[in-house]
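Student: I should like to go through this structure with you and learn the grounds for each term that is applied to it. May we begin?

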Amino acid sequence: MKSKLLFLLLSAIVLTSCSRTEIECRPVSVGEVPGRASFSWKMRDSRRDVFQEAFEIKVFDEDGTLFWSSGKVESGKSLFIPYSGPELKGGAAYSWSVDVWTNKGSRPVSGCGTSWFNGLNPDQWSAEWIG
């Protein structure tokens, strides 16, 4: 009975600690090269000495289908993480989210994602001189 009570208490502590972590996602940075996106987020926690140990970025297509996942990356970095998946379609809409693992929890904390429209690829541009 004591072991079950202890397990429930520890489970409650883990769930509570996860809810203290907040992740704010930044808009996607799209460079001068079409299809080159990078991702940034900021983690805040009400507890002291909490830091990111790993992350996983997920990119979804217009239909909400998983298009690419970085897999779990052991890193504390959270700024300008480059996209390294399949080629992004020009003019297509994508969304992304991030899961973050901290030094204070065994479960990842899911961060909000945001959407973006990928720029047109050079071969998608067509125009005539009007001058």
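Tutor: Two strands are said to pair if DSSP finds at least two bridges between them. In this predicted model, S9 and S10 form a hairpin, with six residues between them.

Student: What makes S9 and S10 a pair of strands?

Tutor: S9 and S10 are joined by seven bridges in the antiparallel sense. The requirement is at least two bridges, so the two strands count as paired. One of the partnerships is that of Val100, whose bridge partner in S10 is Val109.

Student: Which way do S5 and S9 run, and how many bridges join them?

Tutor: S5, residues 52-60, and S9 run antiparallel, with eight bridges joining them. Among the partners are Ile57 and, in S9, Val98. S9 is also mostly covered, as nine of its 10 residues are buried.

Student: Why is the contact of Asp99 with Lys58 called a salt bridge?

Tutor: The side chains of Asp99 and Lys58 meet at 3.4 Å, N to O. A salt bridge requires a Lys or Arg side-chain nitrogen within 4 Å of a carboxyl oxygen of Asp or Glu, so the pair qualifies. The pair links distant parts of the chain, with Asp99 in strand S9 and Lys58 in strand S5, 41 residues apart.

Student: Why is Asp99 called buried, and why is Lys58 called partly exposed?

Tutor: Asp99 has a relative accessible area of 11%, and buried means under 20%, so Asp99 is buried. Lys58 stands at 24%, between the limits of 20% and 50%, and therefore counts as partly exposed.

Student: How many salt bridges does the structure hold?

Tutor: The structure holds three salt bridges. One of them joins Asp45 and Arg47 at 2.7 Å, N to O, and both of these residues are buried. Another is formed by Lys72 and Glu74, with their closest N and O atoms 4.0 Å apart. Lys72 is partly exposed at 48%, whereas Glu74, at 61%, is exposed because it exceeds the limit of 50%. Lys72 also lies over the face of Trp101, at 4.5 Å from the ring centre.

Student: How many aromatic pairs are found in the whole structure?

Tutor: A search finds seven aromatic pairs. Phe39 and Trp116 form one of them, with 5.9 Å from centre to centre and 70 degrees between the planes. An angle over 60 degrees counts as edge-to-face, so this pair receives that name. Phe39 is in strand S3 and Trp116 in strand S10, 77 residues apart. Both residues are buried.

Student: Why is the pair of Trp41 and Trp96 called tilted?

Tutor: The planes of Trp41 and Trp96 stand at 50 degrees, and their ring centres are 6.5 Å apart. That angle is neither under 30 nor over 60 degrees, so the pair is tilted. Trp41 is in strand S4 and Trp96 in strand S9, 55 residues apart. Ring pairs link these two residues into a cluster with Phe39, Phe55, Phe67, Tyr94 and Trp116.

Student: Where is Ser40 placed, and what makes Ser40 buried?

Tutor: Ser40 is in the loop between S3 and S4. Its relative accessible area is 5%, which is under 20%, so Ser40 is buried. A polar atom of the Ser40 side chain lies 2.8 Å from the backbone nitrogen of Phe80. Beyond its neighbours within four places in sequence, Ser40 is in contact with residues including Cys25, Arg26 and Trp96.

Notes: Residues are numbered from 1 along each chain as its sequence is written. This is a predicted model: local features need pLDDT of at least 70, side-chain atom pairs count only at pLDDT 80 or more; totals for chains, interfaces and linings use all residues. Side-chain values use heavy atoms; hydrogens and water are left out. Rings of Phe, Tyr and Trp (its six-membered ring) pair if their centres lie within 6.5 Å; planes under 30 degrees apart count as stacked, over 60 as edge-to-face and the rest as tilted. Helices (H or I, at least four residues) and strands (E, at least two) are DSSP runs, numbered from the N terminus. Buried means under 20% relative accessible area, exposed over 50%, partly exposed in between (1.4 Å probe, protein chains only). A charge sits over a ring if NZ of Lys or CZ of Arg is within 6 Å of the ring centre and within 35 degrees of the ring normal. A polar contact is a pair of N or O atoms within 3.5 Å; within protein, one must be able to donate a hydrogen and the other to accept it, and residues adjacent in sequence count only if both atoms are side-chain atoms. Contact means heavy atoms within 4.5 Å.
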